[in-house]
Amino acid sequence: SCAGPVESKTEAAMSELVPESRQKPVVPMKPMGINANLLGYIGIDTIIEQMRKKTMKTGFDFNIMVVGQSGLGKSTLVNTLFKSQVSRKSSGWNREEKIPKTVEIKAIGHVIEEGGVKMKLTVIDTPGFGDQINNENCWEPIEKYINEQYEKFLKEEVNIARKKRIPDTRVHCCLYFISPTGHSLRPLDLEFMKHLSKVVNIIPVIAKADTMTLEEKTEFKQRVRKELEVNGIEFYPQKEFDEDLEDKTENDKIRQESMPFAVVGSDKEYQVNGKRVLGRKTPWGIIEVENLTHCEFALLRDFVIRTHLQDLKEVTHNIHYETYRAKRLNDNGGLPPMAVETEENHESNL
């Protein structure tokens with residue numbers, strides 16, 4: 001007889017517990033503990049794949065600048081870095097080709113594809129830098145060019161009807177070539193890095209490192225590091241921009257051991273022990289460019305392309321460009337000059 005009321009009570013309890021299909025289930029504000037088996041697989045790990053697909057469609061931009069005296073192998077090194085003819089290549093000495101009287105800026109764009117990933121690479125060359133008798137203020141055209149790219153980006157950004165994807169011509173990385181004297185940095189090297197380390201990511205590189213013995217190379221690297229420290233010159237990766245302990249540990253190792261990279265560039269192949277290698281032929285043997293016991297080219301390539309390329313772009317955008325933008329907007333009451341803006345817009349509309 002008491003079975004009836006118990007059943008009805010159970011049914012009532014069940015109807016209270018099981019909500020109707022139309023109603024939304026009540027989610028508690030602070031769950032005490034979530035059972036992983038209860039939730040199962042959600043799929044948030046596909047975010048990475050979604051981002052990869054998006055970025056693969058748009059492709060990547062990377063703008064690298066090379067600065068240094070003529071004859072230090074800048075073009076050759078950039079060609080070696082990207083394993084293709086991406087820099088201007090002088091085919092022998094040309095009688096008509098004179099040393100530029102002032103620093104010129106030459107930007108050459110290429111599209112490189114590897115494993116389905118497209119990268120629009122721009123190599124910015126600076127012929128004429130440090131080649132004169134009087135090299136006073138010869139970094140000014142370079143600084144002007146870097147700031148012009150920031151200005152171009154800023155103007156696009158503050159437009160009312162702005163592009164979904166602003167073309168990025170900002171210099172992400174500047175390879176500064178140090179002459180392998182074995183003594184110390186020249187005043188020109190120090191002046192250039194002092195002025196430009198605030199506006200661009202500078203990576204110092206000792207060019208043609210095969211002209212020094214191993215002992216000379218080690219001593220020269222230490223001396224260069226010391227001089228940069230004494231003069232308060234911050235090169236990339238800058239200490240103040242390390243985001244966490246892992247970054248700091250990794251970057252400290254690069255700053256204290258690898259920098260400046262002593263490199264040898266070559267775009268000629270030779271046969272060594274049955275293998276094709278990039279190298280330079282000397283009377284006493286072949287210097288293998290990608291062999292770490294011969295030079296640090298492989299370290300430089302891994303650093304610039306395989307581990308820090310994205311970070312170079314982020315530091316450019318979040319630090320150098322932001323600094324320029326804040327100063328520019330403060331100086332001008334919040335906006336770039338309207339006259340220039342309207343003239344340019346007028347021309348583009350026409």
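## Helix H7, the nonpolar core and the salt bridges

In helix H7, the buried residues are Lys217, Phe220, Lys221, Val224, Arg225, Glu227 and Leu228. These residues lie on the same side of H7, because the arc they cover around the axis is only 165°. The structure discussed here is a predicted model. This briefing begins with H7 and then turns to the chain as a whole, its nonpolar core and its salt bridges.

**Helix H7**

- Helix H7 runs over residues 214-230, a stretch of 17 residues.
- At 1.5 Å a residue, H7 should span 24 Å, and the distance of 25 Å between its end C-alpha atoms agrees with this.
- Several elements take part in covering the buried residues of H7, including the strands E4 (173-178), E5 (202-206) and E6 (261-262).
- The helices H6 (187-196) and H8 (245-258) also belong to this cover.
- On the face turned away from the buried side, H7 carries the exposed residues Glu215, Lys226, Glu229 and Val230.
- After H7 comes Gly232, which has a positive phi near 65°.

**The chain as a whole**

- The chain contains 11 helices and 9 strands.
- It has 350 residues, and 39% of them count as buried.
- Among contacts with a separation of 6 or more, 69% involve residues that are 24 or more positions apart.
- The chain has an accessible surface of about 22,400 Å², and carbon and sulfur atoms account for 54% of that surface.

**The nonpolar core**

- The largest nonpolar core consists of 75 residues.
- Within this core, the residues with the most contacts are Phe62, Phe82, Phe129, Leu175, Phe192 and Ile203.
- Leu175 illustrates how such a residue is surrounded: when neighbours within four places in sequence are left aside, its contacts include Ile64, Met65, Val66 and Val67.
- Leu175 is also in contact with Leu77, Leu81, Ile203, Val205 and Leu300.

**Salt bridges**

- Side chains of opposite charge can pair when their charged atoms come close.
- The structure holds 17 salt bridges, and three of the pairs are described below.
- Glu157 forms a salt bridge with Arg325, and their closest N and O atoms are 3.5 Å apart. Glu157 lies in helix H5 (residues 140-158) and Arg325 in helix H10 (residues 309-331), so this pair ties together parts that are 168 residues apart in sequence.
- Glu157 counts as buried because its relative accessibility is 19%, under the cut-off of 20%. Its partner Arg325 is partly exposed, with a relative accessible area of 28%.
- Lys106 is paired with Glu104 in a salt bridge whose closest N and O atoms are 3.9 Å apart. Both residues are partly exposed: the relative accessible area is 38% for Lys106 and 32% for Glu104.
- Glu257 and Lys253 form a salt bridge within helix H8, where they are 4 residues apart, about one turn of the helix. Their closest N and O atoms lie 3.9 Å apart, and Lys253 is exposed, at a relative accessible area of 51%.
- Salt bridges that share partners also join Glu157, Glu322 and Arg325 into one network.

Note on methods:
Residues numbered from 1 in each chain as written. Predicted model: local features only at pLDDT ≥ 70, side-chain atom pairs only at ≥ 80, totals over all residues. Heavy atoms only, no water. Helix = DSSP H or I, 4+ residues; strand = E, 2+ residues; numbered from the N terminus. Buried < 20%, exposed > 50% of the residue type's maximum accessible area, 1.4 Å probe, protein only. Contact = heavy atoms within 4.5 Å. Areas by Shrake-Rupley, 256 points an atom, 1.4 Å probe, with all protein chains shown as cover. Expected span 1.5 Å × (residues − 1). Arc of directions from axis to C-beta. Core = buried A, V, L, I, M, F, W, Y, C linked by side-chain atoms within 4.5 Å. Salt bridge = Lys/Arg side-chain N within 4 Å of Asp/Glu carboxyl O.
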